[in-house]
Amino acid sequence: KPIAGFEKRKSELLKTIQIENETFTVDLYDNGEVDGDSVSVFYNGKLILSHKKLSEKPISLTLDASTGKNVNELTMYAENLGEIPPNTALMVVRDGEKRYEVRISSDYKNSGTIHFVHDKKTQ
């Protein structure tokens with residue numbers, strides 16, 4: 001069921017990233033021009049960031065991949081579309097030595113979603 005205050009939107013899977021470490025970091029920036037984009041972020045359906053404005057300074061999250069789930073899901077929910085729609089973010093994922101960049105766009109119909117697959121066999 002939708003979390004209070006969040007209307008149900010379609011999740012659009014943008015990328016699947018293989019994670020080797022139990023924890024990894026995600027930095028969120030406004031992609032391109034800083035235009036007032038504001039987002040909420042869900043990880044496995046839990047609200048972990050609420051109404052945060054994106055800028056050229058990173059919003060840093062440390063996430064746990066060892067949840068016991070095969071797929072951990074991070075969803076970026078657009079709170080507004082900024083001055084230049086859609087709501088766009090650059091996400092930089094760091095998994096040990098590995099680094100991934102993903103551009104996420106969200107609007108009032110779709111929420112950009114990234115799947116993180118943690119391979120327990122690499123432990």
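Student: How many helices and how many strands does the secondary structure of the chain come to?

Tutor: The model under discussion is predicted. Read from start to end, the chain follows the pattern β-β-β-β-β-β-β-β-β. The secondary structure therefore comes to 0 helices and 9 strands.

Student: What is the radius of gyration of the chain, and what does the globule rule give for 123 residues?

Tutor: The C-alpha trace spans about 45 × 35 × 20 Å along its principal axes. The globule rule gives 14 Å for 123 residues, and the chain comes close to that value, so it is as compact as a globular protein of that length. The radius of gyration of the chain is 14 Å.

Student: Among contacts between residues at least 6 apart in sequence, what percentage joins residues at least 24 apart?

Tutor: Contacts in the chain can be sorted by the separation of their residues in sequence. Among those between residues at least 6 apart, the part that joins residues at least 24 apart is 73%.

Student: In what order do the strands of the open sheet of 4 strands lie?

Tutor: The pairing in this open sheet is antiparallel. Its edge strands are β5 (59-64) and β8 (98-106), each of which pairs on one side only. Neighbouring strands of the sheet are turned by 25° against each other on average, direction ignored. The order is β5-β2-β7-β8.

Student: Which residue in β8 is the bridge partner of Ala89?

Tutor: Strand β7 covers residues 87-95 and runs antiparallel to β8, with 9 bridges joining the two. In β8, the bridge partner of Ala89 is Ile104.

Student: Which residue meets Asp27 in a salt bridge?

Tutor: Asp27 lies in strand β2 (residues 23-30) and its partner in strand β7, so the pair ties together parts that are 67 residues apart in sequence. The N to O distance in this salt bridge is 2.9 Å. The partner of Asp27 is Arg94.

Student: Is Asp27 buried or exposed?

Tutor: The cut-off for a buried residue is under 20% relative accessible area. Its partner Arg94, at 33% relative accessibility, counts as partly exposed. Asp27 has 7% relative accessibility and therefore counts as buried.

Student: How many salt bridges does the structure hold?

Tutor: One of them joins Glu56 and Lys57, with the closest N and O atoms 4.0 Å apart. Both Glu56 and Lys57 are exposed. The structure holds 6 salt bridges.

Student: Which residues are joined into one network by salt bridges that share partners?

Tutor: Arg99 forms a salt bridge with Glu101, the closest N and O atoms being 3.0 Å apart. Arg99 is partly exposed at 47% relative accessible area, and Glu101 counts as partly exposed at 37%. Salt bridges with shared partners make one network of Arg99, Glu101 and Arg103.

Student: Which residues of the largest nonpolar core touch the most other members?

Tutor: In soluble globular proteins, nonpolar side chains tend to be buried together. Here the largest nonpolar core has 23 residues. The elements that give two or more residues to this core are β1 (10-19), β2, β3 (38-43), β5, β6 (71-78), β7, β8 and β9 (110-118). The residues that touch the most other members are Phe24, Val26, Leu28, Met91, Val93 and Phe116.

Student: Which residues does Val26 touch, not counting residues up to four places away in sequence?

Tutor: Val26 belongs to the largest nonpolar core. With residues up to four places away left out, Val26 touches Ile59, Ser60, Leu61, Leu63, Met91, Val92, Val93 and Phe116.

Student: In what sense do β1 and β9 pair?

Tutor: The pairing extends over 9 bridges. Within β9, Phe116 stands opposite Ile17. The sense of the pairing between β1 and β9 is parallel.

Student: Which residue in β9 is the bridge partner of Thr75?

Tutor: Strands β6 and β9 run antiparallel and are joined by 6 bridges. In β9, the bridge partner of Thr75 is Thr113.

Student: How many of the 9 residues of β9 are buried?

Tutor: Ser111 has its place in strand β9 and counts as buried at 3% relative accessibility. Its contacts beyond four places in sequence include Arg9, Lys10, Thr75 and Tyr77. Strand β9 is largely enclosed by the rest of the structure, because the number of its buried residues is 8 of the 9.

Terms used:
Residues numbered from 1 in each chain as written. Predicted model: local features only at pLDDT ≥ 70, side-chain atom pairs only at ≥ 80, totals over all residues. Heavy atoms only, no water. Pairing = 2+ DSSP bridges. Axes fitted to C-alpha atoms, helices over the stretch in contact; angles between N-to-C directions. Salt bridge = Lys/Arg side-chain N within 4 Å of Asp/Glu carboxyl O. Buried < 20%, exposed > 50% of the residue type's maximum accessible area, 1.4 Å probe, protein only. Core = buried A, V, L, I, M, F, W, Y, C linked by side-chain atoms within 4.5 Å. Contact = heavy atoms within 4.5 Å. Rg over C-alpha atoms; globule rule 2.2 N^0.38 Å.
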